[in-house]
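Hi,

Here is the model I promised to send over. Have a look at it first, and then read on for my notes.

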Amino acid sequence: MLVCKDIQKTFDAGSATEKKALQGVSFEMKENDFVTIIGGNGAGKSTILNAIAGVFPVESGNILIDDNDVTRMPEFSRAKYIGRVFQDPRMGTVPNMTIEENLAIAVRRGKRRTLRWGITKNEREVFCEYLQTLGLGLENRLKAKVSTLSGGQRQALTLLMATIQKPLILLLDEHTAALDPKTAKSVLELTDRIVSENKLTTMMVTHNMRDALKCGNRLMMMHEGNIILDVQGDEKAGLTVPDLLKMFEQASGEAIANDRMLLS
């Protein structure tokens with residue numbers, strides 16, 4: 001489903017601030033895999049998601065989605081394969097447009113545009129059905145502007161928009177980090193349900209070790225642009241946070257010095 005082969009990415013190459021963000025990252029994901037990615041600041045977690053999404057070109061290596069080599073494909077062309085939810089709830093929606101207008105954009109992504117009437121009655125009925133699954137009452141607020149929603153409501157809507165077309169790959173970049181603990185828990189539970197019900201192949205970046213262990217069937221830990229730990233199945237299911245800390249120290253040769261990871 002997703003193959004990354006020897007991905008290299010350097011920022012500010014040749015300058016005093018040069019940063020080797022990805023140093024030959026390679027891995028494969030099977031269909032329906034749900035991989036959580038954890039690591040300290042600057043480990044390369046978000047960089048690998050951005051590389052897959054096509055936000056920037058990589059220096060070398062190859063990225064394949066469903067046997068299609070997308071390495072040199074621009075970001076807008078990859079959108080037909082990928083759904084994405086960002087850390088900032090404001091990034092996945094258009095605030096000055098209504099809920100139904102945002103959903104209309106999502107369902108038409110990758111499709112040919114026409115001059116027909118914007119949103120049909122049947123589409124509104126479908127939108128209501130989708131929104132009801134969120135359990136937030138948004139099905140009664142189709143005409144409300146997205147800017148009037150809370151952070152949690154907006155992130156739930158973004159998650160729905162990212163998955164409404166059932167993408168081949170769903171990328172979640174710390175999508176609960178900007179939410180309060182109660183709301184983050186609700187959005188994470190919603191994420192788990194949507195991914196499970198739709199059998200989506202998913203990558204989720206998180207700083208929270210407990211969330212990384214709780215979600216998905218596979219866990220990868222990154223450090224200084226490398227994958228230093230990759231566990232799945234029963235091996236992952238039996239891990240605890242202390243186990244992860246010990247494994248990180250053994251693989252990296254140093255202790256975790258990231259407060260967000262230690263306090264999560």
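One thing before the details: this is a predicted model. The chain is split into two parts, with domain 1 made of residues 1-81 plus 167-264 and domain 2 covering 96-166. If you take the C-alpha centres of domain 1 and domain 2, they sit 27 Å apart. Where the two touch, domain 1 puts in 15 residues and domain 2 puts in 12.

Now for that interface, since most of my notes are about it. Between them, domain 1 and domain 2 bury about 1,100 Å², and 72% of that area comes from carbon and sulfur atoms. On the domain 1 side, three residues to click on are Pro167, Leu190 and Ile194: together they supply 36% of the area that domain 1 buries against domain 2, more than any other three residues.

What about charges and polar groups across the boundary? I get 0 salt bridges across the interface of domain 1 and domain 2, but there are 3 residue pairs in polar contact between the two domains, counting pairs with both residues at pLDDT 80 or more.

Which elements of domain 1 give two or more residues to the side that touches domain 2? Those are strand β7 (169-173) and helix α6 (181-198). Of the elements on that side, α6 gives the most, with 7 residues. By residue type, the domain 1 side breaks down into 10 nonpolar, 4 polar and 1 charged.

Zooming out, the protein has 10 helices and 10 strands. Its radius of gyration is 19 Å, close to the 18 Å that the globule rule gives for 264 residues, so the protein is as compact as a globular protein of that length. Along the principal axes, the C-alpha atoms fill a box of roughly 60 × 40 × 35 Å.

Last item: salt bridges in the protein come to 10. One of them pairs Glu59 with Lys9, with their closest N and O atoms 3.7 Å apart. This pair ties together distant parts of the chain, 50 residues apart: Lys9 is in strand β1 (residues 2-11), while Glu59 is in the loop between α1 (45-53) and β4 (60-65).

Cheers

Key: Residues are numbered from 1 along each chain as its sequence is written. This is a predicted model: local features need pLDDT of at least 70, side-chain atom pairs count only at pLDDT 80 or more; totals for chains, interfaces and linings use all residues. Side-chain values use heavy atoms; hydrogens and water are left out. Domain bounds come from an automatic or database domain assignment. Contact means heavy atoms within 4.5 Å. Buried area is the accessible area (1.4 Å probe) that two parts lose on being put together, summed over both. A salt bridge is a side-chain nitrogen of Lys or Arg within 4 Å of a carboxyl oxygen of Asp or Glu. A polar contact is a pair of N or O atoms within 3.5 Å; within protein, one must be able to donate a hydrogen and the other to accept it, and residues adjacent in sequence count only if both atoms are side-chain atoms. Helices (H or I, at least four residues) and strands (E, at least two) are DSSP runs, numbered from the N terminus. Ala, Val, Leu, Ile, Met, Phe, Trp, Tyr, Cys and Pro count as nonpolar, Asp, Glu, Lys and Arg as charged, and the others, Gly among them, as polar. The radius of gyration is taken over C-alpha atoms; the globule rule is 2.2 Å times the number of residues to the power 0.38.
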